[in-house]
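Open the model in a viewer and keep the selection tool at hand. The stops below go from one selection to the next.

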Amino acid sequence: MTEVFSNTDELLRAALGADAVYVVTEGDAPGALPTPTIVVAPASAEQVAEAVRVATDAGVGIVPVGGDTAPRRSRNEDFPCVALSLERMSGVVEHAVEDLVFTAQAGLVLTEAQAAIAAHGHRVPLAPPLAARATLGGIVACSAEGPTRNAYGSVRDQVLGIQVVHGDGRISRAGGRVVKNVTGYDLCRLYTGSRGVLGVITELTLRLRPIEPAACRLAWRFPRIEDAWNAGMTLRRDIPALYGLHAARGTATDGISGEGAALVATLRGPEAFVEALGASCWEHDLGAASQEVLQPDAVPAIIGPVSALDAWLRVCVLPADGGRLLTTLAQRIGDDADLVLDVLGGVCDVTHEDPGFLDPVDETALGADLEPLCAQVDRPGDPGFHLRRLHLFPSTRPGGVNVMQALMRSLDPAGVLNPGRYEVAP
Ligand SMILES: Cc1cc2nc3c(=O)[nH]c(=O)nc-3n(C[C@H](O)[C@H](O)[C@H](O)COP(=O)(O)OP(=O)(O)OC[C@H]3O[C@@H](n4cnc5c(N)ncnc54)[C@H](O)[C@@H]3O)c2cc1C
């Protein structure tokens, strides 16, 4: 640890108390920081503000850390940073049962939030990977979407109110507890997905939904995944309110009778609603080789966590471009990878038992094929791949990055929050 860095340790202890600061000397440090790393764990928004001010004065960056489940991302390695852990900010502030509204500190882990409100038949409609570790603040900071998006909307649709500590130590609030809660800009949306560069999220007010009383899954077998996707597009067009609809091939379809690729529809809601939706699905002659009803938790690989990041590629396109995406993947990656394509959302997960499965792939040619589809490509197991996508794909073209950087300068003038997290690739 350099002198200035260890001095920060003492300054933080003096400002927040000895129990709020510790040092990780070996093993995995939070936020993928190098060891030794100073971890500051404030107990309130005021203490977060104090920690940010101390770090700014010391010329040290702050990496907010929730459950630390996010794959490793880019960071300015030359900027010494401390980890700011939300581990001591995990309390429930209020569960307004009648209003279906829930307020909690940002360090509360999602499954603990769900357990706290399940007794009243409610749940937060969020379903990120690794929900037993991911925190509410981290999920909102990453806008970590999951399968509930199709039925209930995106992460930002669930955020009614937010408290944030900015890079200059200002504490601000946006939104509130009621559904019509915005005067001026909807800043809750700005902070959702800002990945800790506009402020540390310290408290959140979220919408709740009743836990669906019934659920089931329907499955159809087809010779090829392209056929399953085509059939899925028919259901997508005709049947609203499907909870999930996935075309899959490979080991992801284990547990479904028969051979080949599969289409899986997930239905959730009141019992009569699920029955009626199921009947509408069966009325369609999709030309499948076979069809069956599955238990709701069958085929877990289809709406479930990806287990090995280094053997994983995620490509997002418009739903109608799913067929073109499958053709491109077949040409560039081959036929032996497992595929799960979310027909409603256009998100395709490509996995392989061999982590090196992308090594022989011509990445430039793959990028050129995907660019007309406005595809977003993510490969968290390979930070280099993530950086290259910045100039490969259109949604992060320089104009948008400039606006993000102007916002960052305004809310974090010294650039201490997650330094280097958003920098334009050369
Ligand atoms: C297999 C897998 C797939 C994933 N797929 C996706 C995906 O498709 N899309 C996606 O967006 N994410 C994805 N993620 C990321 C992950 O779902 C989310 O990052 C996770 O929910 C974050 O929760 P966390 O508490 O673990 O945050 P952490 O991992 O601790 O932090 C994640 C990021 O948010 C910042 N952060 C954390 N807490 C706060 C806070 N209170 N205030 C401000 N900033 C904060 C951190 O600095 C960091 O940049 C995936 C993760 C895994 C393991």
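Select strand β13, residues 244-249, together with β14: the two run antiparallel and are joined by five bridges. Within this predicted model, pick His246 and look across to β14, where its bridge partner is Val264.

Keep Val264 selected and turn to the strand β12, residues 214-222. β12 pairs with β14 in the antiparallel sense over nine bridges. Here Ala219 is the residue that stands opposite Val264 of β14.

Now colour β14 itself, residues 261-269, by burial. Is this strand enclosed or open to the outside? Eight of its nine residues are buried, so β14 is largely enclosed by the rest of the structure. For the chain as a whole, 42% of the 426 residues count as buried.

Next, extend the selection to the whole sheet. Eight strands make up this open sheet, and their order is β15-β12-β14-β13-β17-β18-β16-β19, with antiparallel pairing. At the edges are β15 (290-294) and β19 (376-378), each of which pairs on one side only. Direction ignored, neighbouring strands of the sheet are turned by 15 degrees against each other on average.

Move along the sheet to β16, residues 312-316, and β18, residues 347-351. Five bridges connect β16 and β18, again in the antiparallel sense. Select Val315 to find one of these positions: its bridge partner in β18 is Cys348.

Leave the sheet and select two helices, α8 (residues 225-238) and α10 (residues 322-333). How do they pack? Their axes lie 10 Å apart, at an angle of about 170 degrees. Angles over 145 degrees count as roughly antiparallel, and α8 and α10 are therefore roughly antiparallel to each other. Show side chains for the residues that make the contact: Ile225, Glu226, Trp229 and Asn230 from α8, and Gly322, Gly323 and Leu326 from α10. By class, the residues of this contact are three nonpolar, three polar and one charged.

Zoom out to the full chain, which has 13 helices and 19 strands. Among its contacts with a separation of 6 or more, 69% are between residues 24 or more positions apart.

Finally, colour by pLDDT. The chain has a mean of 88, and 90% of its residues reach 70 or more. Select residues 386-394, where pLDDT stays under 50. The model has 20 contacts beyond four places in sequence for this stretch. Where pLDDT is low, predicted coordinates should not be read in detail.

Notes:
Residues are numbered from 1 along each chain as its sequence is written. This is a predicted model: local features need pLDDT of at least 70, side-chain atom pairs count only at pLDDT 80 or more; totals for chains, interfaces and linings use all residues. pLDDT is the predictor's confidence in each residue, from 0 to 100. Two residues are in contact if their C-beta atoms, placed from the backbone, lie within 7 Å. Two strands pair if DSSP finds at least two bridges between them. Helices (H or I, at least four residues) and strands (E, at least two) are DSSP runs, numbered from the N terminus. Axes are lines fitted to C-alpha atoms, for helices over the stretch in contact, and angles run from 0 to 180 degrees between N-to-C directions. Angles under 35 degrees count as roughly parallel, over 145 as roughly antiparallel, 65 to 115 as roughly perpendicular and the rest as oblique. Ala, Val, Leu, Ile, Met, Phe, Trp, Tyr, Cys and Pro count as nonpolar, Asp, Glu, Lys and Arg as charged, and the others, Gly among them, as polar. A residue is buried if 20 or more other C-beta atoms lie within 10 Å of its own, exposed if 12 or fewer, and partly exposed in between; C-beta atoms are placed from the backbone.
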